[in-house]
Each structure stands twice: as C-alpha cells, then as structure tokens.
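Trainee: I would like to request a close look at the interior of this protein, and at the parts of the chain that accompany it. Please treat the matter as one connected account.

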Amino acid sequence: MGKIADRYAIVGVGESERSRKSGTTPLHLALDAARAALNDAGLDARDIDGFMSYNENDSCTSHQLATYLGVRPKYVKDILGGGSSTEMLIADAVGLIETGQLNTVLIFRSMNGSSGQRVGRGYDPDMLQEALPGGSYIIPYGSASPSQWFGMFATRHMHKTGITKEHLGHVCTSFYEHAQRNPKAFLRGKPLTMQQYLETPDISYPFNIHDSCLELDEANAIIVTSAERAKDCKSKPVYIMGMSARQCHPHAHYWSDLDQVASDYVAAELYKSAGVKPEDIQVASIYDCFSWVVLRQLEAYGLAPKGEIGNFVAEGNLRIGGKLPTNTAGGMLSEGYTHGMNNVLEIVRQLRHQYKGTDRQVKECEIGICTGWSGPDIAGAMILRN
C-alpha cells in the first residue's frame with residue numbers, strides 16, 4: 001500500500017436535521033447535508049467532480065444529488081453497504097484523486113431510517129440465504145435480527161472475558177452523557193443513569209434499547225480532496241494519516257468462529273500505514289451499532305488493555321476528560337445513525353478544535369481514530385490528524 005499520510009484531507013462535513021419522521025425524501029435530506037458540507041468547506045457545488053454514496057436500497061443516487069446541485073459529475077458511485085462503507089469510499093476517493101481522475105469528492109449517506117425502510121426488517125423466511133450471507137445456518141434457529149446476531153457474539157465474548165451488563169452500561173451512559181452537550185443529538189435532554197440502564201428490559205440478551213443504535217431520518221456528507229487543494233478551502237483541513245479501507249473475516253460463514261472479527265486484521269495495517277501506535281490516539285469515533293461492538297473494537301485496535309476492557313470503560317475513560325474520549329457527539333447510540341458517517345463528522349470537528357472553549361471539546365487532541373464495522377465479517381478504519 002502506497003503512503004498517503006498527510007496527502008489527502010477531509011475539508012467539509014455537514015448533516016441534515018434528525019427526526020423520527022422527516023416528511024421528505026432521502027434526496028432532500030441529502031441536499032441539505034451536501035449544502036452544509038459545501039458551506040463548511042467554502043466550496044461551490046461545481047467544485048465537486050465526484051459523488052459517491054452507500055445505501056441499503058433506501059436512498060437517492062449520486063447522479064440525482066449531483067444533478068439537483070447543478071453539477072454534471074465526472075464520476076458517480078453508489079454501493080450497497082452499511083457499516084465501514086464510509087472508510088471504504090474515502091479510500092476510493094483518495095485513489096481516484098491520486099490517479100488524476102478526480103479533484104474533489106463528496107460522499108454521502110441519506111436515509112429515512114425511522115419513517116421509511118428500517119434496517120433488518122422484512123426478511124422473507126423463504127429467502128434465508130439472500131436475507132443474510134449464511135442466513136440459512138442461523139435464521140431457522142431464531143436468530144433473525146441484528147440484535148440477535150451481534151448478541152450471539154457478545155454473549156460468547158462476555159463469557160470468555162468476564163465483561164458484564166454493567167460494562168455495556170458504561171458505554172451507553174458515557175455516550176448519552178456526550179449527547180447532552182450536543183444540540184444536534186436526538187437524545188439530548190434524555191440523560192441515562194446506570195440504574196435506569198440496568199432496570200431497562202432486554203430486547204435480545206444482552207442488549208436493551210439503550211444498547212442499540214438510534215434509527216432516524218437523516219443524511220450526512222463528507223468532502224475529500226488533496227492536501228494541496230485543501231489549502232484553498234475555508235475550513236481547517238483534517239488530514240488522513242493512514243487507512244485500512246475494508247478487510248474481511250477469514251471464513252465466509254463467520255458464525256463458525258465467534259472469537260475473531262475482521263477488526264482484528266485491520267489494526268496492524270492501519271497503524272503501519274499511519275506510522276503511529278495505539279497510545280498516540282487521543283480521541284476516537286468507534287462504530288457503535290450496539291454497545292458491545294465498541295468494547296470488541298477497543299480490544300481489536302489495542303486502545304485498551306486486552307482482558308481489561310470492562311475495567312477500562314468502568315473507570316470513565318470513554319468520557320470527555322478520560323484517557324480516550326469516544327463518540328463525543330453521542331455516537332449512533334444517542335446522536336443519530338447513518339451507518340457510521342455521523343461519527344466521522346464528529347471526529348473531524350474535534351480535531352479542528354471546533355468546540356474550543358466549551359465542555360464538548362477534547363483538550364489538545366491532535367490524532368484520532370475512526371472505525372467502521374459492517375459486522376464481525378467486514379471492517380475498516382482510518383487515523384486522522386489536525
């Protein structure tokens with residue numbers, strides 16, 4: 001893999017309003033997010049020559065977005081995908097800019113995830129293999145939703161490591177605390193105590209509603225360009241130090257080995273490409289579709305001592321002021337859920353020191369990590385700096 005450190009940057013980020021019922025289309029949400037990102041970067045829509053998106057058959061196309069912005073793009077790409085797609089498309093954008101095919105790329109995710117098509121709903125029991133790769137191995141036995149699939153991995157990991165429900169609760173209460181400082185967080189004004197968490201009934205063990213991502217109507221957008229072009233943007237660039245775009249579990253039917261996840265393979269390449277170590281990371285955006293997923297990735301990326309993940313979060317280290325402030329806007333558990341892109345927006349803002357002078361800002365943070373998780377089978381990550 002060629003060295004990309006500091007040669008490419010994120011120069012614009014933006015989002016639409018978050019709601020349970022937008023009353024509009026994913027195209028209109030995408031337009032709101034794209035215009036916000038363009039304004040953030042100080043760019044005109046005509047400065048964008050590449051548009052990319054990821055979706056679950058629940059969005060508009062890149063061509064539609066570009067056209068409604070008044071642009072005839074040189075390149076469009078729409079992929080089917082959820083978690084870890086942001087990192088993969090940023091890597092694709094870097095490659096296209098590197099080869100001279102594009103100059104500046106806008107990447108977006110737009111969805112009516114509450115009022116429209118919801119993730120994990122509507123599976124046909126006669127289409128087990130199409131509903132989920134390897135689905136015929138688990139769905140007939142009652143494991144038919146994301147909370148059940150990830151719950152299976154979580155329960156195994158908890159059994160092996162001694163992680164408890166209370167440790168999951170520390171992830172949730174930390175992120176809910178961050179959401180109270182974020183005016184754009186959907187669950188702002190709804191703090192969560194450990195007692196409330198532990199008294200909430202489980203949906204599917206070990207998860208209750210607080211352990212689960214917040215499905216909403218919203219869109220996010222990110223603009224990527226070269227470090228050279230970034231100098232002409234209004235915003236402070238956040239530079240890409242290194243990436244591992246998307247790696248896989250070694251088994252196609254990964255249910256056969258619950259003790260490893262794709263993130264285990266991402267970490268080594270990620271740190272090598274960025275030229276840093278886990279102890280250099282000062283702020284984190286960790287993919288949090290479920291609380292346990294955060295714990296497993298902290299372990300995979302060496303961000304907390306192996307075998308001591310529970311104690312690490314119980315000591316308050318995910319909170320602002322802790323050793324590794326994580327998901328400081330509230331994450332997907334309490335801010336919103338765009339399959340991970342909202343976490344990228346937040347880490348960019350943290351590394352710009354955009355909240356300086358407030359209790360939202362992580363002090364003196366210069367290097368951050370952002371992880372993507374499609375599942376135990378597929379993952380990616382990147383390391384950014386200011």
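**Buried residues, core and sheet**

Mentor: N327 is buried, with a relative accessible area of 1%; the cut-off for this word is under 20%. Please keep in mind that the model is a predicted one. N327 belongs to the loop between α11 (309–314) and α12 (331–334). Its backbone deserves attention: phi is positive, about 50 degrees, although N327 is not a glycine.

A second residue invites a similar reading. H339 is placed in the loop between α12 and α13 (341–351). Its phi is near 50 degrees, a positive value in a residue other than glycine. H339 is buried, and its relative accessible area is 4%.

One further loop has a backbone feature. A cis peptide bond joins Y205 and P206, with omega at about 5 degrees. P206 is found in the loop between β5 (202–204) and β6 (207–208).

We turn next to the nonpolar interior. The largest nonpolar core has 57 residues, and those that touch the most other members are Y271, C289, L298, Y301, L303, I369 and I383. Helix α10 (residues 291–300) contributes the most to this core, with 6 residues. Let us examine one of these members, C289. Leaving aside residues up to four places away in sequence, C289 touches F150, D211, S212, C213, M332, L333 and W373. Apart from this core lies another, of 35 residues, which includes I10, M88, V238 and L384.

The sheet comes next. Nine strands form an open sheet with mixed pairing, in the order β3-β2-β4-β7-β1-β8-β11-β10-β9. At its edges are β3 (75–80) and β9 (283–285), each of which pairs on one side only. On average, neighbouring strands are turned by 25 degrees against each other, direction ignored. One pairing may be followed in detail: β10 (residues 367–375) and β11 (residues 378–385) are antiparallel over 8 bridges. Within this pairing, I367 has R385 in β11 as its bridge partner.

Helices lie across the strands. Helix α9 (residues 263–274) lies across β8, β10 and β11, and runs at about 150 degrees to β8. Helix α3 (residues 85–98) runs at about 115 degrees to β8. The strands that α3 lies across include β1 (8–15), β2 (50–55), β4 (104–112) and β7 (217–226).

To return to the starting point, N327 and H339 are the residues to locate in the display: N327 is buried at 1%, and H339 is buried at 4%.

Key: Residues are numbered from 1 along each chain as its sequence is written. This is a predicted model: local features need pLDDT of at least 70, side-chain atom pairs count only at pLDDT 80 or more; totals for chains, interfaces and linings use all residues. Side-chain values use heavy atoms; hydrogens and water are left out. A nonpolar core is a set of buried Ala, Val, Leu, Ile, Met, Phe, Trp, Tyr and Cys residues joined through side-chain atoms within 4.5 Å. Buried means under 20% relative accessible area, exposed over 50%, partly exposed in between (1.4 Å probe, protein chains only). Helices (H or I, at least four residues) and strands (E, at least two) are DSSP runs, numbered from the N terminus. Contact means heavy atoms within 4.5 Å. Two strands pair if DSSP finds at least two bridges between them. Axes are lines fitted to C-alpha atoms, for helices over the stretch in contact, and angles run from 0 to 180 degrees between N-to-C directions.
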